[in-house]
Every structure is written in structure tokens, then in C-alpha cells.
Amino acid sequence: MARVQRVTSPAPTTSTGDGSGAPLVEMTGVNKWFGDLHVLADIDLTISRGEVVVVIGPSGSGKSTLCRCINRLEPIQKGVISIDGKTLPEEGKDLARLRSEVGMVFQSFNLFAHKTILDNVTLGPIKVRNQSKDQARKRAKELLERVGIAAQADKFPAQLSGGQQQRVAIARALAMDPKVMLFDEPTSALDPEMINEVLEVMVQLAKDGMTMVVVTHEMGFARRAANRVVFMDGGHIVEEATPDEFFTNAKSDRAKSFLSKILTH
């Protein structure tokens with residue numbers, strides 16, 4: 001595969017976070033193969049505390065794989081990934097400990113069908129964080145209120161809409177008090193009318209200073225909430241810039257072609 005020239009625009013100077021600008025997630029020389037397919041090629045990416053990075057690009061460009069590698073749901077063959085200054089180990093208790101600091105929201109909601117919404121949110125804090133049941137339930141109710149579904153606490157996932165289930169998944173991830181939240185196309189499985197209710201929760205998280213990496217096709221969210229847009233193609237980071245600069249003045253031909261197709265529909 002031909003090497004893609006990376007075009008980098010000046011980094012954004014604003015942040016929704018604490019303003020420290022300290023690196024929270026660092027990927028250095030990361031490479032990933034599926035058999036002979038080179039899905040991530042020499043990825044260098046640093047995400048600062050409080051920064052919202054939206055990753056976009058065509059299907060098969062490596063976006064979701066990048067997201068899943070950050071907490072080693074997918075192992076890498078080469079390179080280094082660190083969270084808050086600590087290198088991700090390959091396995092064991094140290095990996096589980098670091099992984100617990102990284103919240104993840106998937107395309108599918110992955111809720112436990114036989115447990116109530118409240119129990120879905122409290123399970124991790126009780127089992128992993130060793131919180132008391134009362135403490136976990138109190139926090140879970142606060143988070144369900146935050147995502148707008150406190151009234152659904154005693155229901156089961158099948159009784160909720162897709163948008164409501166995805167908001168439960170966000171609350172469940174937040175219940176672990178993660179340092180960073182990863183979103184892998186969180187609205188792609190939703191009906192159009194449900195997408196906005198999930199995006200609104202994510203926008204509010206961004207405003208509240210949560211460090212976020214979001215793989216999405218929702219360009220409106222990228223414009224509204226991102227500090228930085230990262231454009232991928234063929235396993236490479238081709239271009240990164242502020243939303244305003246990327247959407248109005250993309251530098252690479254590949255990004256210009258991509259935008260010309262998606263922004264005219």
C-alpha cells in the first residue's frame with residue numbers, strides 16, 4: 001500500500017477540559033494487521049486531557065480499529081499506547097486496571113438483557129471498583145438522570161428504545177469514572193429520530209470536559225463538539241485540524257474528495 005502523506009494543520013488552542021493540555025492518550029508508531037491486511041500504519045496520535053477528538057473517514061479506513069486498540073480490545077503488533085503516562089500492558093491485572101479507566105460505547109448497546117437498567121449501571125462499580133451497593137445505586141441514579149432516563153431505572157433493556165438503551169450504555173461507562181471515553185459509531189445502529197437524543201448527551205459530556213475519542217459519521221456532531229477532527233484513509237492518519245479548518249479548507253485531496261461526497265447529501 002502506498003504511503004499516504006499526512007497533512008497536519010495547527011493544533012487547536014481551545015479545550016473543553018481543565019486547560020492543562022497534558023497528554024492523556026498517546027499512540028506512538030502503532031501498527032495493526034489482520035492477517036496480511038495492514039489496518040493501522042504508523043499511527044502517531046496524542047489526545048490531551050479534556051480534548052474531544054472526532055475520527056472520520058471512509059469505511060475500512062481503520063477508524064474503529066484505532067478506537068478499539070486504545071484499550072487493547074484489539075492487540076497491536078507494533079508501537080506503544082499509553083493512558084495517563086502508563087503504557088498499556090498486553091494482558092493481566094494491570095491491563096484490566098488501566099482498561100477500567102477507559103469507558104467504551106459501541107454501536108450495539110451490549111446491555112445485560114436479564115438485568116434492570118439500574119443493575120446494568122451498578123454492576124461494574126460493585127464488581128470492579130468494590131463500591132457498596134448503596135453507593136453504586138446512588139451514583140447510577142445520578143447518571144441516569146444526567147442522560148435523561150432516570151424514570152426507566154427499573155425497566156429491562158428490551159422495554160427501552162434504541163436511543164434510550166444507548167444512553168444507558170453511556171451512563172454505564174460513566175459509572176466507572178473513566179479518564180477517557182471512547183465512542184465507536186454510537187449512533188449507527190439507531191433510527192434517525194433517536195440519533196439526536198444520544199448526540200445531545202455526548203455534546204453535554206464534551207461541554208463538561210470529558211476527554212473523548214469519537215468515531216462517527218455524524219458531521220454535525222464533529223462541527224459542534226470536536227476540538228480536533230482526525231481524517232483517516234487506508235490505515236493512515238491523512239489529515240487533522242480544527243473542525244472549522246477541516247470542513248472549510250481541507251488540505252489533502254483525499255479529504256476534499258471525501259467531504260465532497262458526504263456533504264452534498
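Me: Helices are DSSP runs of H or I with at least four residues, numbered from the N terminus. With that in mind, in which helix is the place of Gln164?

Reply: In this predicted model, the place of Gln164 is in helix α5, which spans residues 162-174. Leaving aside residues up to four places away in sequence, Gln164 touches Ile149, Gln152 and Glu197.

Me: Why is Gln164 called buried?

Reply: Its relative accessible area is 18%, and buried means under 20%, so Gln164 counts as buried.

Me: What makes Ala222 buried, and what does Ala222 touch?

Reply: Ala222, found in helix α7 (residues 219-225), has 0% relative accessibility, which is under the 20% limit, and therefore counts as buried. When residues up to four places away in sequence are not counted, Ala222 touches Val54, Val229, Pro243 and Phe247. As for separations in space, the C-alpha atoms of Ala222 and Ser48 are 17 Å apart, with their positions 174 residues apart along the chain.

Me: Why is Asp244 called exposed, and how far is Asp244 from Ala222?

Reply: Asp244 has 59% relative accessibility, and exposed means over 50%, so the label exposed applies. Asp244 is found in helix α8 (residues 243-249); from C-alpha to C-alpha, Asp244 and Ala222 are 9.7 Å apart in space, and they are 22 residues apart in sequence.

Me: How many aromatic pairs are there, and why is the pair of Phe231 and Phe258 called tilted?

Reply: The count comes to three aromatic pairs. For Phe231 and Phe258, the ring centres are 5.2 Å apart, which is within the 6.5 Å limit, so the rings pair; their planes stand at 50°, neither under 30 degrees nor over 60, and the pair is therefore tilted. The pair links distant parts of the chain, since Phe231 is in strand β10 (residues 228-233) and Phe258 in helix α9 (residues 253-262), 27 residues apart. Both rings belong to buried residues, because Phe231 has a relative accessible area of 0% and Phe258 one of 9%, with buried meaning under 20%.

Me: What makes the pair of Phe246 and Phe247 edge-to-face?

Reply: The centres of Phe246 and Phe247 are 5.4 Å apart, within 6.5 Å, and the angle between the planes is 80°, over 60, so the pair counts as edge-to-face. Phe246 and Phe247 are both buried, and ring pairs link Phe231, Phe246, Phe247 and Phe258 into a cluster.

Me: How do you know that Cys67 and Cys69 form no disulfide?

Reply: A disulfide requires sulfur atoms within 2.5 Å. The closest cysteine sulfur to that of Cys67 is in Cys69, at 9.4 Å, which is too far for a bond; likewise Cys69, whose nearest cysteine sulfur is that of Cys67, is in no disulfide. A search of the whole structure finds zero disulfides. Cys67 has a relative accessible area of 0%, so it is buried, and Cys69, also with 0%, is buried too.

Me: What makes helix α1 mostly covered?

Reply: Seven of the eight residues of helix α1 (residues 63-70) are buried, namely Lys63, Ser64, Thr65, Leu66, Cys67, Cys69 and Ile70. Following α1 comes Arg72, whose phi is positive, near 60°.

Me: Why is Asn110 called partly exposed, but Asn130 exposed?

Reply: Asn110 has a relative accessible area of 42%, which falls between the 20% and 50% limits, so it is partly exposed. Asn130, at 64%, is over 50% and therefore exposed. Asn110 is found in the loop between β7 and α3, while Asn130 lies in the loop between α3 and α4 (133-146). Although not a glycine, Asn110 has a positive phi of about 55°; Asn130, not a glycine either, has a positive phi of about 60°.

Me: Which residues and elements line the largest pocket, and how much space lies in it?

Reply: About 580 Å³ of space lies in the largest pocket. Its lining comprises 23 residues, with Val102, Gly124, Arg172, Ala173 and Met176 nearest the centre. At least two residues of the lining come from each of α2 (93-99), β7 (102-105), α3 (117-127) and α5 (162-174), and α3 gives the most, with six residues. By class, 14 lining residues are nonpolar, six polar and three charged.

Definitions and conventions
Residues are numbered from 1 along each chain as its sequence is written. This is a predicted model: local features need pLDDT of at least 70, side-chain atom pairs count only at pLDDT 80 or more; totals for chains, interfaces and linings use all residues. Side-chain values use heavy atoms; hydrogens and water are left out. Buried means under 20% relative accessible area, exposed over 50%, partly exposed in between (1.4 Å probe, protein chains only). Contact means heavy atoms within 4.5 Å. On a 1 Å grid over the protein atoms alone, a cavity is a set of points where a 1.4 Å probe fits but cannot get out, and a pocket is an open set with protein on both sides within 12 Å along at least five of seven lines; lining residues have an atom within 4 Å of a point. Grid points are joined across faces, edges and corners, and a volume is the space filled by probe spheres set on the points. Ala, Val, Leu, Ile, Met, Phe, Trp, Tyr, Cys and Pro count as nonpolar, Asp, Glu, Lys and Arg as charged, and the others, Gly among them, as polar. Rings of Phe, Tyr and Trp (its six-membered ring) pair if their centres lie within 6.5 Å; planes under 30 degrees apart count as stacked, over 60 as edge-to-face and the rest as tilted.
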